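Please read the following report alongside the sequence and the model, which are shown here.

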Amino acid sequence: MGDQVEMGDAVSAAPVDELMHGAAAAGGGSNDAFAAVEGNGNGNGHVSEAMEGQVQEQAAEEQPPVVDLEALTPEEERLWNVVKEDAADFNSWTSLIQEAEKLEVLSKVEKTYDAFLAEFPLCYGYWKKYADHELKLGSSEKVVDVYERAVKAVTYSVDMWMNYCTYAMEKFEDPEAIRGLFERGISFVGTDYLSHLLWDKYLEFEHMRSEWSRVAQIYTRILQVPLQQLDRYHASFRHFAYSHPLTELMTDEESEASKAAAAPKDSPPGDQEITTVPETDGVTEPAKPAEVTLEPSGTEDLEKYVAVREEFYKTSKEWDAKIRDFEIAIRRPYFHVRPLDDAQLGNWHKYLDFIEKEGGIEKTIKLYERCLIACANYSEYWVRYVHRMDEEGKIESALDALHRASSTFVKRRPEIHLFAARYQEQLADIKGARASYEVLSNSLAPGLLEAIVKHANFEKRQGNGDTACSLFESALELGKIKEDSRARAVLYIQYARFLDQVLKSPEKARKVYSTALDSLPSSKTLLEAVTNFEASHHPGISEVEYVNSLVDKAIAPSKIEGSSVLSAADREELSIIRLEFVDSFGSVEDVKKSEARHVEYFPPPKSTVESKKRPSLDNSVPDRAKVHKPYVGATATAPVTGPPAYSGQTQWNTFAPQAGYAQQSQGWQQPPIQQPTPPVQSQQWNQGYAAHQGGYAGYGGYTSYGPPQQQAPVPQQPPYGGYGQGYPQEVNGWSSGGW
């Protein structure tokens, strides 16, 4: 909309552009079918039923209608099946709309638009098209109904209010009803940086009626807002003011106040002041400066009248200078299914930082609402908004934003449901938190590791240990079906850790490890975890023999070429782990046998020439290799690194976000800064198996929001036993991995 709309980014398909050209032209110069211009106020989905523009209730969530397939053409039926299969397929929706419009059957048009706009409520251009079809095929009452639904769904769209008011000017007979509608729109979007579309239409309405005092009032209000076209309004106001007598510019109340102030003749003129309107962020009420020294006529009095407005203009220009660079950087202030580039995402974060610091709570809320139209598909901005409202004590606003995010705009993103569950638990809404977890496990992402672990921890905090265990067990059954051995190994480890360190049941944990090894006997990650588990529980002779036998099977060279599951580097590292374990807990005979087996499988170089080619024992070699290999007379054939990082976001069914919604990174991040390699840590056996960051990284934490955060460097492989600090500690009932 306005001058900042990117014409090349307007639509996703040429037919859509053609369809929307006329509607966009009627929308005041915006050429994008999907535009939903910057918002402000308390949240999309609200609208006032009264003309004063008060926000009263959240818009009812639109449900897609039940479509009678027997009444559809073959092409309609095909397209309906496509969008039912993938409701985020924007192009298929637009094709379906075109097909319904060609038939000009009102019931089909209504069903199609209702379903589409329930999925994409911010597409203001399609609301306009819907209203146009009702005007052509239906009745004026239905047109008004569509516009009312539109301003509930896109409350902070300048274009939507402008289109509605334009229709009212053409069709409504009562000027007070038209004026009331303008006031409703101004109350929501009057301070929008690009709200000149609506202000222009309001001025046009009052000009047509020759309501000069109302025109003057509108100019007074506009000059208090840092709009993009503030200079144009300033010049226009001066021309208007000097073209009319002061008596026509002043309202009846201002004229009476002026006469009353002029009546006493004994008061020195210098004692009377010009009273200005206090600066506010809203424009719901007309500014009423009381120029108590004014008389009904005279050049001097007119200059004083204008001077008051000049002060408003000056103040607005000062604020405009502070925000202009941010505003210019907003290249796409409307909704679109295409991703935003990193520069625009970063600019929104910086703009929010600035307004939070200097703008006050009202400006902050309005900027967030603008941001959440352009960035509606990015969870990080919704999370940031909820946090901000929570910090300000505006819990209802926080919950409103969270509901909009999780039910409509980013409902297919697992991270928003994880965040919702944690936030609801914080507010003691246990039922709501459990429902958020169940959405993930039952439909959205049944197999997301982070969701499983956090759900289990949540149930444990509610005193439901058995329920927590059943969650792990159910997920493991699902994991076997998905055949992702690495993810299944990590889940076994998490379950065993939960039993051992949270429920304090090491015997149950040992059984889980035993079951895991039966299923995944050659998993390096699992073998490391089992070894560390036994080491942390004071192993005896039987435990040492058990670990010895497990590692022997895993590191033995395969007799069938190409059939080995583990690489040579992984096998050698497991052998080193076993050597350290046996050295600490085994007998001298155990140590002797283990060293002999290590040399047998991983012999040292056999010539001086080969020795010169060996890697030096510097920081490029794993710590445990540096500690142990000189003792057995063997060195690594190649630097060994830890297992690849396993993110808590990984899941067995490889969750793929729905097509159509933006899929780029949800965090605004800068490239990681390289850090020096940490020093070798001393061995410790009592730390417990925990979040070994190189192998199965911590599963907690939401995408960060706010200024770009430095990513942590990839940790070096620690000495055996130094896997971290055990199961994440809880502070006041909250896991340290959470937000």
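Which residues form a nonpolar patch on the surface? The patch consists of I395, L399 and L427, with about 200 Å² of accessible area together. Its members each have over 30% relative accessible area and no salt bridge (a side-chain nitrogen of Lys or Arg within 4 Å of a carboxyl oxygen of Asp or Glu), and nonpolar side chains (Val, Leu, Ile, Met, Phe, Trp, Tyr) are joined within 5 Å. Areas come from the Shrake-Rupley method with a 1.4 Å probe, and only the protein chains shown count as cover.

This is a predicted model, in which local features need pLDDT of at least 70, side-chain atom pairs count only at pLDDT 80 or more, and totals for chains, interfaces and linings use all residues. Residues are numbered from 1 along each chain as its sequence is written, and side-chain values use heavy atoms, without hydrogens and water.

The chain averages a pLDDT (the predictor's confidence in each residue, from 0 to 100) of 73, and 65% of the residues score at least 70. Two stretches stay under 50, and their contacts (heavy atoms within 4.5 Å) beyond four places in sequence are tabulated.

| Residues | pLDDT | Contacts beyond four places in sequence |
|---|---|---|
| 1-67 | under 50 | 221 contacts |
| 284-297 | under 50 | 43 contacts |

Helices are DSSP runs (H or I, at least four residues), numbered from the N terminus. In helix 7 (residues 158-171), 12 of the 14 residues are buried (under 20% relative accessible area), so this helix is largely enclosed by the rest of the structure; among them are W161 and Y164.

L478, in helix 22 (residues 465-482), is partly exposed (between 20% and 50%) at 23%, and is in contact with P446 and G447, leaving aside neighbours within four places in sequence.

Technical notes:
Patch = residues over 30% accessible without salt bridge, like charges linked within 9 Å, V, L, I, M, F, W, Y side chains within 5 Å. Buried < 20%, exposed > 50% of the residue type's maximum accessible area, 1.4 Å probe, protein only. Helix = DSSP H or I, 4+ residues; strand = E, 2+ residues; numbered from the N terminus.
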